[in-house]
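Trainee: Could you pick a single part of this structure and take me through it closely? I would like to see how it fits with what surrounds it.

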Protein chains: 2
Amino acid sequence: MSDLDHNKDLTVWRRATEYKPPRNWRNWLIGRPLQTADAPHQTIGKAIGLAVFASDALSSTAYATQEILVILAAAGTLAFGYAFPISVAIVVLMAVVSISYEQTIHAYPNGGGAYIVARENLGELPAQIAAAALLTDYILTVAVSVSSGVAQINSAFPALFPYRVHIAVFMVMVVMIINLRGVRESGLAFAIPSYFFIATMFLMVGVGLFRYITGGLGHVVNPPEMVVPPEVLAVTPFLILHAFSSGTAALTGIEAISNGVTAFKEPRSKNAGITLIWMALILASLFLGITFLAGKVSVVPSEFETVISQLGRTVFQGEGILYLAIIAGTSIILFLAANTAFAGFPRLSALTAADGFLPRQLAYRGSRLVYSRGIVALALLACLMIVIFQASVTRLIPLYAIGVFLSFTLSQAGMARRLFKIGRIRPNEEIRERSSTLRHDPHWLPKMATNGFGAFLTALVMLVFAITKFEDGAWLVMIIIAVLVVTFFNIHRHYRNLAKSLSLEHFGPPPPIARHRVVIPIGGVHRGTLAALRYARKLSDDITAVHVSIDSDEAEKIQQKWEEWGEGVRLIIIESPYRLFLEPLLQYIEEIAAKRPVNEILTIVVPQFVPHHWWTNILHTQTAIQLRIALLFRKNIVVTDVPYQVDD
Amino acid sequence: MSDLDHNKDLTVWRRATEYKPPRNWRNWLIGRPLQTADAPHQTIGKAIGLAVFASDALSSTAYATQEILVILAAAGTLAFGYAFPISVAIVVLMAVVSISYEQTIHAYPNGGGAYIVARENLGELPAQIAAAALLTDYILTVAVSVSSGVAQINSAFPALFPYRVHIAVFMVMVVMIINLRGVRESGLAFAIPSYFFIATMFLMVGVGLFRYITGGLGHVVNPPEMVVPPEVLAVTPFLILHAFSSGTAALTGIEAISNGVTAFKEPRSKNAGITLIWMALILASLFLGITFLAGKVSVVPSEFETVISQLGRTVFQGEGILYLAIIAGTSIILFLAANTAFAGFPRLSALTAADGFLPRQLAYRGSRLVYSRGIVALALLACLMIVIFQASVTRLIPLYAIGVFLSFTLSQAGMARRLFKIGRIRPNEEIRERSSTLRHDPHWLPKMATNGFGAFLTALVMLVFAITKFEDGAWLVMIIIAVLVVTFFNIHRHYRNLAKSLSLEHFGPPPPIARHRVVIPIGGVHRGTLAALRYARKLSDDITAVHVSIDSDEAEKIQQKWEEWGEGVRLIIIESPYRLFLEPLLQYIEEIAAKRPVNEILTIVVPQFVPHHWWTNILHTQTAIQLRIALLFRKNIVVTDVPYQVDD
């Protein structure tokens, strides 16, 4: 063992394994395995940062206007006039949330998602509620973004409409594989499509406004079949609030930068903060511009053609190259938005798992240094949503924003609480917390007011959302979040109790084993039995072979053979008149176990022949497995199977 | 251990277990468990014997006529005139087969099904072909009989037609449960419905003939919707043969008595033989009578009303009590026919399993002394057929009789071969075979001629059947039978090779184990680890603990704890840069295994904590199971997990 480094004293050795995972089909699909030391530590500037983190937020301009119109359609096309004022209200909300998050970025330079902020300032329960809300939301982000991306494509190529679910699932799989490969959030791969989208959208809004002012804008030619309301309603405050709720989908993704502060170049909080403000400005102007123009060209909400598509072909007067550029840019940014969720979900689930609220396996990084299990889980759950809701954005939206606003509320409430604590710190004092340091800040009061107002506002919106969209599906998300929170705490209790049961504190070493008895159940006397006997003889001198007899002729034969081959070991034949095998054996084991002192151990050595072909296993009774399961909960009983390999 | 009987010398003890299976829901469903010694040995007379064994054969009169008409319908209703001549031909075939089987009954007084006769006289391959044909056929008997029984009920109660598949599956389940309880083929339960059926059918045929002669028979009123032929064909020899093939379903079940000779009172061969002749006479007269009358009253073949129902309401002039008696009798005899298959299939599969051509588990008798696994398998397969073919007798029939005729042919060819051997035996000589004794017989030549002619005829019918019904589904049955035969031989080869590998003949006892090394993989140092260490110390002095390290801080902690708790046992820390756990551990085990001499054994002791709630298992990596699977095929390596029970 020359490859071992001897360490400190004679009993501990260290060795760096030369084990290199072999090449297989997974390598081809997701790339060669990476060493832990290979993890990159590169940082990005503001321009690239905008491209990387803004796709989720900006992509919501592709569907937010449409979802407002879908609700207003219930009161007839005249109600579409309310869309623009509603958008203005949403933009005000956006401003408050953005300023709030800008403060979070400065408070948590190591990344301050809602989970971390809530955990640090509000406690375990709000933190887990935030985790449940965010995880649900990431799944819906993938489902909504990909569905909307596919809807854009279908608008240009209506022949693909019947295949929308297939295409959406395929796209989720593509994004999943890219993420399993471990995409580096670095560069051109994100910058090109993001800026392409921003540029084409501003071009469309700009040309549209120019045409509107010069009077040559016109109306949508051949509008698609509109979503037909079941009955025409009056314009009520409820309807307006309902439409407003749908439009708040525009705010989703705005928190992405605060999660990823560490990715920015120093001074990272400042850079990240500036990027956030840029992003909010772009988002607000595109959203307002699109809603405004949509009203002017008489867009109709439809499952068959998106608002963006109708607006594009009206502004650019036909389905030319510029129209196709709009469709392509919008689709790609939507798929990139799904990709953002693929970065967020696995990280958050790993963080929650490390805190012991989700299965620990989720905190394990796969061969490409990404949290592979979280990535696969997200892809499967998103595909499930897409299949259930048939890739319809309108049917998915009622489930969507409630989680986002819940996490906004918790994040900002946490910030307000934190600033309240800061208010009590004297100059030159500081308090160290797990993820950040609290220092004196003379401006704590206005900051607290901002965050507090933000929390109040987002809580209000969440309430409006929950009420207006309750029947459409919000109830389901509330139940899912509640179930998740309960599950998280159950998992946490399990891990905590387990750690306590296994802890070595106040633990006296157990007395050594005084006596070791071995029982060998035998079905026949053959080479496999003898291999087990040979092994058992090495373990102990106190061996009993047991045969459960269903057929007395068979028992007679076994007895004769045992006299020849059994090496004098005691054989007990248990007659089983009800032709049961396991139960009489267990009864016998229980009996001798009951008579035992505490420091005696019982090993059941089961001869097990291992056939060459796996399928032949169904031709044999799997005694060892059944015994193991039956005896798992018995103290001081160990089941060992001694494999005996046969050629067939 | 006072409850043990000491036997011969000090090493073998016998004990009669007091283990009594506990009461549970299965008791309620299928009755209390029975001891092996409880098996009954009662015999029956001719009258009861007819009732018990004839249901399968007689029940085919319920559908055979109809299936002839379905085929003839392709040439228009005028072609129905060919039905009676075809039935006469089928009755001739029936006579030949019956005489043949009567000889089999005398040759095999211990029961001579096609499988036993073929095994003894023709060899392994024909025997397994017979087994495959018969097993397939039993499945189809259940599917066809139950479907036809449900069709009779639907004829009287058309409102139930949409639920025919549900009703059929339910009936199969009822028959399955009755058989799992272990119905005794004893008495009134069979005699009453069988004789009720025979009586009502003869009444119907008798009244019908009387009315025909006296000129008051009339025609079917409101005939049901006929099976519509896709195009009207001419009456060709092919069509006639096709119709004949369908009608041969009337012969199914005729072999039942020869399988069950042992159930009869002594002189059992004679009693069984006479019963067979009675049965054939009843079957032939009912079949001819029904076909004749069906032609006279202008019955039409239909999925919605059976021939029996149409005939019944015409003969009895309305749907009165006598009509309902016909429907009830026919339905019940059809369900009894399914029951016959439930007796045959499990017994044959147990016989084949005992010969090593099917999984041995099928030869195990369940708590009620019946071959429960065979019964359940038959029920599931029959339900599958019913669901696939939507309980349509017409769609099931093309799959049906080919297996029956294949087994007829093999059985009679076997008998002919046997009689040829007998022809060479001199008087007062005898040859003992596995299931029967061959003695001199002066009449061997005419007997051989009968069996040989029977074999030839049934082979011809099988050929006609295979050709005329190839497209309708006969091809599928041929493939299934071929696949089954190949599977049987693969299973047999496995068992034979296994027995050879395990055999103690020419086997020198292996040298005792010289050295026993123990490896304990540890993920952390806790009470579970210490329990495993304590166990390992009892096994050997040569112990190595191994920790595969993904996180070097963690490894540092484990090392420190091990120094305190490890009792001086060597610890090896394997660094795993690719974050793999199992692979570097396996590599290490392979390395030390490669250096070992042959008579050294390696035990991997895996600490395994057993949580209180099963669901929490998904929160842990199942290392022991993965290791076990990975090392299963390595010689001289044993994997043991030492369970440590924790409270949560």
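Mentor: Happy to. Helices and strands here are DSSP runs, at least four residues for a helix (H or I) and at least two for a strand (E), numbered from the N terminus. Please keep in mind that the whole model is predicted.

With those labels, let's go to the loop between α19 (552-565) and β7 (570-575) of chain A, where A:Glu567 lies. The backbone is the thing to look at here: phi of A:Glu567 is near 55°, a positive value in a residue other than glycine. Most residues other than glycine have a negative phi. As for its surroundings, A:Glu567 has a relative accessible area of 47%, so it is partly exposed.

Now turn to B:Glu567, in the loop between α19 and β7 of chain B. What does its side chain meet? The partner is B:Arg537, and the two form a salt bridge with N and O 3.0 Å apart. B:Arg537 belongs to helix α18 of chain B, and the pair links distant parts of the chain, 30 residues apart. B:Glu567 is partly exposed because its relative accessible area, 47%, falls between the 20% and 50% limits. B:Arg537, at 39% relative accessibility, also counts as partly exposed.

The elements around this loop lead us to the interface. In chain B, 116 residues are in contact with 116 residues of chain A. The size of an interface is often given as the accessible area lost when the parts come together. Here the area buried between chain B and chain A is about 10,400 Å², and carbon and sulfur atoms give 57% of that. Three residues stand out: B:Arg534, B:Tyr578 and B:Arg579 supply 8% of the area that chain B buries against chain A, more than any other three residues.

What kinds of contact join the chains? There are zero salt bridges between chain B and chain A, but 14 residue pairs are in polar contact. The elements of chain B that give two or more residues to the side touching chain A include α18 (527-539), α19 (552-565) and β7 (570-575), the elements we have just met. Also on that list are β2 (12-16), α17, α20 (582-594), β8 (600-610) and β9 (637-645). The largest share, 10 residues, comes from α17(B). By class, this side of chain B has 58 nonpolar, 30 polar and 28 charged residues.

From α17(B) we can step to a helix that it packs with. The buried residues of α16(B) pack against α17 (470-502) of chain B, and also against α4 (83-107), α9 (237-247) and α15 (393-423). Among those buried residues are B:Leu457, B:Val461, B:Met462, B:Val464 and B:Phe465, along with B:Asn451 and B:Thr458. Helix α16 of chain B covers residues 444-468, and at 1.5 Å a residue its 25 residues should span 36 Å; the end C-alpha atoms are 36 Å apart, which agrees.

Coming back to salt bridges, the count over all chains is 22. One of them joins B:Glu430 and B:Arg439, with the closest N and O atoms 3.0 Å apart. B:Glu430 counts as partly exposed at 40% relative accessibility, and B:Arg439 does at 48%. In chain A, a network of salt bridges links A:Arg515, A:Arg517, A:Asp542, A:Arg570 and A:Glu600. A:Glu266 forms a salt bridge with A:Arg268, the closest N and O atoms being 3.9 Å apart. A:Glu266 is exposed because its relative accessibility, 60%, is over 50%.

A:Glu266 also brings us back to the backbone theme. Most peptide bonds are trans. The bond from A:Glu266 to A:Pro267, however, is cis, with omega near -5°, and A:Pro267 sits in the loop between α10 (256-259) and α11 (268-296) of chain A. In chain B, a cis peptide bond joins B:Glu266 and B:Pro267, with omega about -5°.

One last backbone stop, to set beside our starting loop: A:Ala391 has phi near 55°, again a positive value in a residue other than glycine. A:Ala391 is in the loop between α14 (372-388) and α15 (393-423) of chain A. Whereas A:Glu567 is partly exposed, A:Ala391 is buried, with a relative accessible area of 8%.

Terms used. Residues are numbered from 1 along each chain as its sequence is written. Chains are lettered from A and ligands numbered from 1 in the order in which they are written. This is a predicted model: local features need pLDDT of at least 70, side-chain atom pairs count only at pLDDT 80 or more; totals for chains, interfaces and linings use all residues. Side-chain values use heavy atoms; hydrogens and water are left out. The expected span of a helix is 1.5 Å times one less than its number of residues. Buried means under 20% relative accessible area, exposed over 50%, partly exposed in between (1.4 Å probe, protein chains only). Contact means heavy atoms within 4.5 Å. Buried area is the accessible area (1.4 Å probe) that two parts lose on being put together, summed over both. A salt bridge is a side-chain nitrogen of Lys or Arg within 4 Å of a carboxyl oxygen of Asp or Glu. A polar contact is a pair of N or O atoms within 3.5 Å; within protein, one must be able to donate a hydrogen and the other to accept it, and residues adjacent in sequence count only if both atoms are side-chain atoms. Ala, Val, Leu, Ile, Met, Phe, Trp, Tyr, Cys and Pro count as nonpolar, Asp, Glu, Lys and Arg as charged, and the others, Gly among them, as polar.
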